[in-house]
Amino acid sequence: MDYRKPVVFGENWSPSRYKVLPYFAVEKALLTRPETRRILDLGCAAGWNMSRFRQYGRCPVGLDVAPERVRLAAVHGPVMVASGRQIPLADGLFDVIYIQHVLHHIGDVGQALREVYRCLKPGGCLFLVETVEDNPLIRWGRRLHPRWLGDDITARFDFAGLQRLLAAAGFQVVQAQQYSVLFWLWEVLPDQIPFMEKLTPLFVAGERLLARAGRKYSAHCFLVAQKAMSAVGLANSEQ
Ligand SMILES: C[S@@+](CC[C@H](N)C(=O)[O-])C[C@H]1O[C@@H](n2cnc3c(N)ncnc32)[C@H](O)[C@@H]1O
């Protein structure tokens, strides 16, 4: 991802490639529900998801700790510079909080998830896309090089550990799926070698095979976690 200019959906990643990602249909269903009106993109960087959610007719609020990225994301909608560990917003504001590849940079994941819980409406959902250390390449790669695109990796978890952290923050995980390292390569490679785009159907078939056979080595996951309808203030009272 190039953080020197605003990120615009379709410019650096082809929409067709994006649409075969396993979480696309689930994300679309959640974000296009009539009751999904207020969305927070936590860790918005230069606005990739803010730009992407336009296809759903949605305009999320962006939040990130990096002021230079937030300035770029501002072309896509309202933004703020803040930490996800201490969100300077009122309780129960959002229908959906979307966090993609941010938690492993956030430090105290438990604290961040409690903040997310607090800022969701009762019945609201966290949509989480993460890299998990079930895959040995990711696990050892991060030990050797604990940075990604200039950001330190400050939190480590595997798929099961992430679900435990969500439960500890008060969430009920309603959907959780791992997918393979193949998609991770495929997200990166066609940007470097455009011809790879043509191999999309092959990648999708390979991904499905790998996901069935080697789930415990999967490097990516997505989760939908819900705040209970009757759980106003639960996260705060448990701190
Ligand atoms: C790998 S980028 C992901 C950006 C975007 N969500 C995406 O998927 O393209 C991680 C982002 O998390 C942000 N970040 C790191 N720590 C944070 C924190 N405590 N609060 C909010 N954002 C944070 C970084 O500044 C960076 O922009």
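A residue counts as buried when its relative accessible area is under 20%. By that criterion, 49% of the 239 residues of the protein chain are buried in this predicted model. The secondary structure of the chain amounts to 10 helices and 9 strands. Among contacts in the chain with a separation of 6 or more, 76% join residues that stand 24 or more positions apart. The chain exposes about 11300 Å², and 58% of that area is supplied by carbon and sulfur atoms.

With this overall picture in place, the ligand is a good next stop. The shell around the ligand holds 20 residues, of which G43, D64, R69, G84 and Q100 come nearest. Sorted by class, this shell has 10 nonpolar, 7 polar and 3 charged residues. Several polar atoms of the protein can be paired with atoms of the ligand. In the side chain of R69, an N or O atom is 2.8 Å from an oxygen atom of the ligand. The side chain of S83 likewise offers an N or O atom, 3.1 Å from a nitrogen atom of the ligand. For G84, it is a backbone N or O atom that lies 2.8 Å from a nitrogen atom of the ligand. Of the 600 Å² of accessible area that the ligand has on its own, the protein covers 93%. Helix 3 and strand 2 (61-64) are the elements that give two or more residues to the shell.

Two residues draw the eye through their backbone angles. A45 has a positive phi of about 50°, although A45 is not a glycine. This alanine is found in the loop that runs between strand 1 (39-42) and helix 3 (48-52). Because its relative accessible area is 11%, A45 counts as buried. H101, also a residue other than glycine, has a positive phi near 55°. The loop that holds H101 lies between strand 4 (94-100) and helix 5 (109-119). With a relative accessible area of 24%, H101 is partly exposed, since that class spans the range between under 20% and over 50%.

Helix 5 itself contains Q111. The relative accessibility of Q111 is 23%, so this glutamine counts as partly exposed. A polar atom of the Q111 side chain lies 2.9 Å from the backbone oxygen of R85. Q111 can also be viewed together with A169: the two are 58 residues apart in sequence, while their C-alpha atoms are 8.3 Å apart in space.

A further residue to visit is T36, in the loop between helix 2 (24-31) and strand 1. T36 has 0% relative accessibility and therefore counts as buried. A polar atom of its side chain lies 2.7 Å from the backbone oxygen of L30. Leaving aside residues up to four places away in sequence, T36 touches L30, L31, R58, D95 and V96.

Definitions and conventions
Residues are numbered from 1 along each chain as its sequence is written. This is a predicted model: local features need pLDDT of at least 70, side-chain atom pairs count only at pLDDT 80 or more; totals for chains, interfaces and linings use all residues. Side-chain values use heavy atoms; hydrogens and water are left out. Helices (H or I, at least four residues) and strands (E, at least two) are DSSP runs, numbered from the N terminus. Buried means under 20% relative accessible area, exposed over 50%, partly exposed in between (1.4 Å probe, protein chains only). A residue is near a molecule or strand if one of its heavy atoms lies within 4 Å of it. A polar contact is a pair of N or O atoms within 3.5 Å; within protein, one must be able to donate a hydrogen and the other to accept it, and residues adjacent in sequence count only if both atoms are side-chain atoms. Accessible areas come from the Shrake-Rupley method with a 1.4 Å probe; for residues, only the protein chains shown count as cover. Ala, Val, Leu, Ile, Met, Phe, Trp, Tyr, Cys and Pro count as nonpolar, Asp, Glu, Lys and Arg as charged, and the others, Gly among them, as polar. Contact means heavy atoms within 4.5 Å.
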